[in-house]
Structure formats: C-alpha cells, structure tokens
Amino acid sequence: MTAQFTILGGGVCGLATAAELSSRGARINVIDPKGAPGRHACSWWAGGMLAPDCEGVSAEPAVVKQGRRAARWWEKHGANVTRKGTMIVALGRDQADLATFARRAPAARKLDKDEATSLEPRVAEKMSSALFIEEEAHLDPRTALLELHTKLARDGVNFDGPLEGQIVDCRGLSARDALPDLRGVKGEMLVVRCPDFSLSRPLRLLHPRFPLYIVPRADNVFMLGATQIENGERDRATLRSVMELMNAAYALHPAFGEAELLEVGVDARPAFPDNQPRIRHMDDRIFANGLFRHGFLLAPALARMTADLLLDGKEPEVWYEDHR
Amino acid sequence: MPVFYGEHIESRLMLGTAQYPSPAILAEAFRQSGAGIATVSVRREAGQDTAGQDFWALVRELDVVLLPNTAHCHSVREAVTTAQMARELFDTNWIKLEVIGHADTLQPDPFGLVEAAAQLVEDGFDVFPYCTEDLVLCERLVEVGCRVLMPWGAPIGTGLGLNNPYGLRSLRAHFPEIPLVVDAGLGLPSQAAHAMELGYDAVLLNTAVAKAGDPVAMAKGFARAVEAGALAAEADPMDPRDMAAPSTPVFGKAFL
C-alpha cells in the first residue's frame with residue numbers, strides 16, 4: 001500500500017510528526033539518509049527538559065502555552081517522563097537574577113532551606129536559596145528517540161519506503177536550502193559521570209554570562225548544557241565554551257571537579273528569526289521546522305498541528321505560514 | 001547629533017546586538033528606538049569559515065551603521081586580529097576596541113588598549129576604544145590617534161549607571177572636541193539621560209535592553225531619555241541652588 005505521507009528527517013521533529021500521523025491511522029514513510037536516531041541529529045544533543053515555565057522567562061508566550069502539553073504527549077507515545085519539576089539556583093553574587101527569574105516565571109516558588117534540602121540535598125549544601133517549579137518534567141532524549149523509532153517501526157511506519165504521497169519536510173538545519181530564513185544557533189554540551197553528586201530533577205544555574213543547566217540521567221550521569229552562540233557550526237566545540245560549562249558546574253558544586261568527562265557534544269539548533277517554529281506550506285511541500293532549543297518541548301505541539309492540517313484541513317492556531 | 005570620524009549619525013543611542021530573546025525582537029528594538037549604530041560581536045560568532053553569516057545578515061538588515069567590536073578579546077594580538085577580520089567581514093574601518101583585562105568584571109586592560117589602539121590606527125582603522133574614565137588613559141588614547149572615546153559608566157552588564165560622574169564630567173571638560181560615548185554599565189534610561197546631561201554625545205548599551213522583560217519597550221525608553229538628556233544639555237540648565245541656609249529675607253519677615 002502506498003504511503004499517504006513521506007516525512008523527511010528522523011530527528012525529534014520528524015519522529016514526533018510520524019507518531020502523530022501514524023497514531024491517527026495514516027500510512028507513513030520516514031526517510032533519513034542517516035538511519036536511526038544518533039549523533040547526526042541535533043535532538044541527540046538535547047537536554048530533554050520539558051520546562052515551559054522556565055523557558056517562558058525569555059521565550060514568547062506561545063512557546064509556554066504549546067509546551068504545556070509536551071509531557072503528556074511523550075508519555076502517551078511511550079516515553080519515560082520524570083515529573084519532578086525544575087529547581088533554579090544562583091550563586092551568592094547573582095541573587096538578583098533569582099529575583100528577576102521569580103518575577104518573570106509566576107509558576108516558580110521560593111524554597112526554604114529545609115524544602116530545598118529534602119528535594120535536592122547535594123544542591124542545598126551549597127545554595128542558600130532556590131526556586132522550584134513543580135509542574136515541569138524531563139526525559140532522556142536519546143532513549144526517547146530510539147524508543148519512539150522502534151515503536152513507530154513496530155506500528156507499521158516504513159523507514160525504507162520510497163518518496164511518495166505528501167512530503168512533510170522535517171530536516172531541521174538541513175532544510176536550509178529551501179528555507180533561507182532558517183539559521184543555526186550553535187550549542188555545546190557535556191556529558192559527565194559524577195558519583196559524588198546526585199540530582200533528581202533538572203537544575204538551572206542562573207548566571208549573567210555562563211548560565212548552566214544540569215539534567216540527571218541514569219547511573220550518576222549528568223548532561224551539562226548548553227552554550228548558545230549565533231553561528232551555524234555543527235561540529236566544533238571550543239575550549240572556552242567547554243571551560244565555561246565546567247567552571248559553572250564546579251562553582252555549583254565542587255563534586256564536579258572529580259567528575260569523569262564522557263562526552264563533548266556540539267550541534268546547531270535550527271531557528272527562525274523569532275526563535276519560534278513554523279509549519280510552512282511551500283509549493284507542494286509542508287515544512288515543520290525551527291524548533292530552536294525547544295525540540296522535545298514543542299515537537300509534540302508542532303506535530304499535532306501538522307497532523308490536524310494534513311488530515312483534517314484544520315489551520316494551525318499558531319506558527320502557520322502559507323507561502324503557496 | 002554625533003559625528004564619528006566624519007560620519008553624521010542620526011541618533012544618540014547605540015545598541016549592542018547580543019543576548020536578545022530572538023533576532024526578531026532585536027530588530028524591533030532597533031526599529032522602535034531609532035538607534036543609529038549597532039555593535040556586533042565577531043570573535044566568538046565567527047567560528048570557522050565565518051559560520052556566523054546568518055546572524056550577521058539579520059543585523060545588516062537593521063539598516064543602521066554597523067560597528068563591529070572585539071568583545072571577548074583578552075590580549076592585544078587577539079583584539080588586533082579580530083579587528084582585521086571584522087574589517088573584512090563588514091567592509092568598514094570602524095572598530096569598537098575592547099581589550100578585556102579582567103575575565104570576571106570584563107574591566108578594560110588600559111595598557112593593552114593603548115597598544116592595540118596604536119597598532120590599529122597605524123593600520124588605518126577608526127578606533128572606538130572601550131575604556132575607563134581615567135583621564136590619563138584617555139589622553140594616551142587620543143595621542144595614538146583615537147578620535148572617539150568610550151568610557152564606561154560601570155562594569156559591563158551591571159546596570160549600576162554612572163559610577164563616577166565627576167570623572168566623566170572631567171573627561172568632557174578636557175576633551176571638548178572629541179566625541180564621548182558612555183559605554184557599558186547602564187541599567188535605566190534615567191542613567192542614560194544623566195550621561196547626556198553631562199554633555200556626552202551618545203550612549204552605548206546592550207544588557208539593559210536585551211535582558212529587560214520587554215526589550216522593545218526598554219529600547220524606546222532609552223531613546224526618549226537620551227533625547228531628553230541631550231535637549232537639557234543644549235538648553236543650558238540652571239545651576240542648582242542651595243536654599244538650606246537662607247541668605248535673603250523670607251516673605252513676611254522683616255529685611256535684615
């Protein structure tokens with residue numbers, strides 16, 4: 001049977017779109033020349049934070065609104081989502097940043113020392129004050145991508161099929177040839193193992209120049225991220241960036257001084273000028289792209305709206321452009 | 001309106017281009033504030049093979065005069081090399097020269113600054129040095145050929161305003177012919193107005209706008225404050241008067 005839709009790109013955007021369409025009964029091909037999810041995909045290097053309120057401090061309201069449904073969507077599609085919220089801290093000198101953050105993230109509440117200690121004892125050792133956003137969640141992006149890929153194949157999505165039916169282009173930065181206003185925003189990240197540190201939920205360290213987030217993975221492994229530099233490099237981490245991430249982690253807790261460095265990751269996030277994604281209809285192709293630093297947060301909403309458009313002819317409530 | 005190296009600029013507000021929530025908000029902040037000059041960081045964004053082209057293309061679309069800078073440079077050599085790269089990239093001899101002397105406070109290195117400025121002037125650059133308000137340093141910068149001075153108000157990103165109004169006033173008095181720009185440390189429009197009231201030609205800021213909850217509104221606020229301060233400076237303001245100790249009789253009381 002021929003496919004109704006062929007999705008180009010097997011990163012978080014392509015797979016989420018495939019999952020959404022497939023779960024509604026559509027026949028799907030996914031084409032990614034690199035095969036299964038891996039280092040070639042920008043989303044491989046993601047933090048996996050489902051944190052709309054934290055992002056809302058600097059992102060547009062639509063990002064917050066559309067991101068709210070992300071955790072439930074990932075759970076529904078089989079991902080192991082941890083719903084333990086986000087903790088936010090700042091070093092002694094940067095307490096003003098904590099006040100600003102609290103003002104701009106209404107969902108954040110201040111923790112007293114006892115609460116902070118019971119939530120994250122190792123963090124509370126070093127931090128005199130902290131904020132907490134209870135409703136947020138996180139997942140392991142690599143496991144989530146690989147499991148979704150496996151599940152889709154099991155559900156009949158064809159990863160070897162020909163290019164047929166309506167083309168949905170989810171190639172991220174590789175689609176720049178067709179989307180001239182798409183740019184790359186470089187991000188560098190580290191993966192470390194730190195047996196002396198523990199963390200149950202993502203932690204954000206506010207800093208005027210070296211903001212850091214730490215996302216816990218299994219087995220005392222932590223993802224430290226991420227720089228945000230206005231260039232499109234995808235394969236070159238600099239010593240300065242790595243040093244800044246390490247310094248920030250070490251300042252947060254000296255236990256990181258003895259952490260084992262497992263990985264230095266780098267890629268460029270696909271972004272439009274307003275750093276919000278788009279569903280763009282051009283000629284006979286539909287592009288879903290521009291997830292910027294919100295791949296796992298916004299791919300579900302983008303996929304849902306793309307599927308509504310393709311299957312029901314319903315125009316997306318945001319981020320839609322018809323260039324035909 | 002200010003004239004820098006022979007070029008007339010239509011606004012006394014200069015804005016940096018870093019740290020905005022998005023390039024779209026950056027563009028809107030420029031549009032709504034009428035800022036005349038955009039500074040652009042080159043060192044870290046260039047990467048290899050000038051990978052920063054996409055962002056710079058967006059900055060070029062702002063349709064303002066571009067002033068590339070050497071932010072993130074910690075040595076004379078690094079700053080000079082970055083300036084040369086910036087000249088190629090942006091086809092301009094203008095360079096906002098930063099030689100960072102202290103990695104934490106980003107305080108300028110005055111010694112390296114004079115050395116780098118001398119080399120760049122020799123090489124045909126029009127140098128806008130980011131400096132402290134030290135009079136002797138500023139004299140040295142002018143001696144090596146700088147025709148604009150950009151003393152800080154306070155350390156970069158602090159929003160503390162004018163830490164040393166006396167020093168800034170003193171610079172204005174000593175360099176009546178050199179365009180002066182307060183660069184860095186401003187957090188509020190009132191502080192920008194103060195700089196203009198001291199007779200400065202322009203202000204340059206970034207964080208105060210980019211990190212405001214509403215960058216576009218803050219940019220507009222700064223534009224109006226700069227205009228207000230400049231009008232005040234031109235209007236020859238009254239001198240403040242101390243009425244705490246009466247020297248003349250008060251109405252209803254007998255002359256003494």
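Select Asn206(B) to begin: at 18% relative accessibility this residue counts as buried, where buried means under 20% relative accessible area, exposed over 50% and partly exposed in between, computed with a 1.4 Å probe on protein chains only. The model is a predicted one, in which local features need pLDDT of at least 70 and side-chain atom pairs count only at pLDDT 80 or more, whereas totals for chains, interfaces and linings use all residues. Residues are numbered from 1 along each chain as its sequence is written, chains are lettered from A and ligands numbered from 1 in the order in which they are written, and side-chain values use heavy atoms, with hydrogens and water left out.

Asn206(B) is found in the loop between strand E10 (202-205) and helix H8 (207-210) of chain B; helices (H or I, at least four residues) and strands (E, at least two) are DSSP runs numbered from the N terminus. Show next the residues that Asn206(B) touches, namely Gly16(B), Thr17(B), Ala18(B) and Tyr20(B), with residues up to four places away in sequence not counted; contact here means heavy atoms within 4.5 Å.

Now widen the selection to Gly157(B), Ala184(B), Gly185(B), Asn206(B) and Thr207(B), which the UniProt annotation "binding site" of an unreviewed entry covers. These residues span 51 residues in sequence, yet no two of their C-alpha atoms are more than 9.1 Å apart, so they gather at one spot. UniProt positions follow the numbering used here, feature names are shortened, and annotations may be inferred rather than shown by experiment.

Staying in chain B, select Lys96(B), which the UniProt annotation "active site", again from an unreviewed entry, covers. Lys96(B) lies in strand E6 (residues 94-97) and counts as buried, at 5% relative accessibility. Leaving aside neighbours within four places in sequence, the contacts of Lys96(B) include Thr39(B), Asn69(B), Tyr130(B), Asp183(B) and Leu204(B). Another of these contacts is Phe128(B), which forms one aromatic cluster with Phe4(B), Tyr5(B) and Trp94(B).

For a contrast in accessibility, go to Glu177(B), which counts as exposed at 72% and lies in the loop between helix H6 (165-174) and strand E9 (181-183) of chain B. A distance label between the C-alpha atoms of Glu177(B) and Val148(B), 29 residues apart along the chain, should read 9.5 Å.

The structure holds 10 aromatic pairs over all chains, a pair being rings of Phe, Tyr and Trp (its six-membered ring) with centres within 6.5 Å, and with planes under 30 degrees apart called stacked, over 60 edge-to-face and the rest tilted. In chain A, select Phe197(A) and Phe222(A), whose ring centres are 5.6 Å apart and whose planes stand at 65 degrees, so the pair is edge-to-face. This pair links distant parts of the chain, 25 residues apart, with Phe197(A) in the loop between strand E9 (183-193) and strand E10 (203-206) and Phe222(A) in strand E12 (residues 221-225). Phe197(A) is buried at 1% relative accessibility, and Phe222(A) is buried with a relative accessible area of 2%. Add Phe256(A), which forms an edge-to-face pair with Phe222(A), at 5.9 Å centre to centre and 75 degrees between the planes.

Finish with Trp74(A), His77(A), Gly78(A), Ala79(A), Ala144(A), Glu147(A) and Leu148(A), the residues lining the largest cavity. Helix H8 (residues 141-154) of chain A gives the most to this lining, with three residues.

Notes: 1 Å grid on protein atoms, 1.4 Å probe; cavity = no way out; pocket = protein on both sides within 12 Å on 5 of 7 lines; lining within 4 Å.
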